[in-house]
Each structure stands twice: as structure tokens, then as C-alpha cells.
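Here is a short report on one protein chain. Keep the sequence and the 3D view open while reading.

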Amino acid sequence: MNEWQPIETAPRERRDRFSGGGPIIALASPRGHRALGYWGKCRDGREGWVNPHDHLVMDYSKSFTHWMPLPEVPK
């Protein structure tokens, strides 16, 4: 699966019982917003699409309409 998928189908499960969210994926909006993120709870307790760098919910995350898995890491 290397094409953009509807955001409703994006993974939202936790990676494990210790992590705060699901796998990191590529996110996009029709307005050109693109980001990496995961669904989870951020440090202040809000739930949504979280930036993996600062672990805060992206304030514009409601604008995301599509997602794509990240490619495999090079070997």
C-alpha cells in the first residue's frame, strides 16, 4: 500500500502497552499540509494526531484527510 488512503482507515492502535500511540505515518490535507504523526495522547492529555518530535497534538490535525504508511527503512 503506497498510495494515499482516507484518514478514516488510518491506524490508531497503540504500538505496545508502554507507548502513547500508534505507528508513525505520513499525513496530508487538501490545503497542502503534510506531516509525520501518530494517533495518541500527548503530554497534556489531549488526543489526536501527535507530532513524533515534540509529542504534542498538531493543532491543524483536524484538516488531515489522507494518510500513507512510511516506506521500509533502508538496509
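## Trp 49, a buried tryptophan

Trp 49 has a relative accessibility of 3%. The cut-off for buried is under 20%, so Trp 49 counts as buried. This is a predicted model, and the values here are computed from it.

Trp 49 sits in strand E4. Its bridge partner is Trp 39. Trp 49 and Trp 39 also both belong to the lining of the largest pocket. Arg 12 is another residue of that lining. Arg 12 and Trp 49 are 37 residues apart along the chain, yet their C-alpha atoms are separated by 9.3 Å.

## Overall fold

The chain has five strands and zero helices. Along the sequence the pattern reads β-β-β-β-β. The five strands form an open sheet in the order E1-E5-E2-E3-E4, with antiparallel pairing. Strand E1 (5-6) and E4 are the edge strands, and each pairs on one side only. Trp 49 therefore lies in an edge strand, given that buried Trp 49 is in E4 and that E4 is an edge strand.

Of the 75 residues in the chain, 37% are buried. The chain exposes about 5400 Å². Carbon and sulfur atoms supply 52% of that area. Among contacts with a separation of 6 or more, 41% are between residues 24 or more positions apart.

## Hairpin of E2 and E3

Strand E2 covers residues 25-28, and strand E3 covers residues 34-41. The two run antiparallel and are joined by four bridges. Two facing pairs can be picked out in the view. Leu 27 has Ala 35 as its bridge partner. Ala 28 stands opposite Arg 34.

Five residues lie between the strands of this hairpin. Gly 32 takes a positive phi there, near 95 degrees. Ser 29 is also in the loop between E2 and E3. Is Ser 29 buried or exposed? Its relative accessibility is 10%, under the 20% cut-off, so Ser 29 counts as buried. Leaving aside neighbours within four places in sequence, Ser 29 is in contact with Ser 63, Phe 64 and Thr 65. Phe 64 is also one of the residues lining the largest pocket.

## Ala 26 and its contacts

Ala 26 lies in strand E2. Its relative accessible area is 15%, so Ala 26 is buried. Which residues touch Ala 26, leaving aside its neighbours within four places in sequence? They are Trp 4, Ala 35, Leu 36, His 66, Trp 67, Met 68 and Leu 70. Ala 35 is also the bridge partner of Leu 27.

Strand E5 spans 66-69. In the sheet order, E2 stands between E5 and E3. Pro 71 is 45 residues from Ala 26 along the chain. The C-alpha atoms of Pro 71 and Ala 26 are separated by 9.8 Å.

## Hairpin of E3 and E4

E3 also pairs with strand E4, residues 47-50. Four bridges join these two strands, which run antiparallel. Lys 41 in E3 has Glu 47 in E4 as its bridge partner. Trp 39 is partnered with Trp 49.

Five residues lie between E3 and E4 in this hairpin. Gly 45 in the turn has a positive phi of about 95 degrees.

## His 55 in the next loop

After E4 comes a loop that leads to strand E5, and His 55 is in this loop. What is notable about its backbone? The phi of His 55 is near 60 degrees, a positive value in a residue other than glycine. The relative accessibility of His 55 is 36%, so His 55 counts as partly exposed.

## The largest pocket

The largest pocket holds about 160 Å³ of space. Its lining is made up of Ile 7, Arg 12, Trp 39, Glu 47, Gly 48, Trp 49, Val 57, Met 58, Asp 59, Ser 61, Lys 62 and Phe 64. Which element gives the most to this lining? E4 does, with three residues.

By type, the lining divides into six nonpolar, four charged and two polar residues. Arg 12 and Glu 47 are among the residues of this lining. Glu 47 is also the bridge partner of Lys 41.

Note on methods
Residues numbered from 1 in each chain as written. Predicted model: local features only at pLDDT ≥ 70, side-chain atom pairs only at ≥ 80, totals over all residues. Heavy atoms only, no water. Pairing = 2+ DSSP bridges. 1 Å grid on protein atoms, 1.4 Å probe; cavity = no way out; pocket = protein on both sides within 12 Å on 5 of 7 lines; lining within 4 Å. Points joined across faces, edges and corners; volume = space filled by probe spheres on them. Nonpolar A, V, L, I, M, F, W, Y, C, P; charged D, E, K, R; others polar. Buried < 20%, exposed > 50% of the residue type's maximum accessible area, 1.4 Å probe, protein only. Contact = heavy atoms within 4.5 Å. Areas by Shrake-Rupley, 256 points an atom, 1.4 Å probe, with all protein chains shown as cover.
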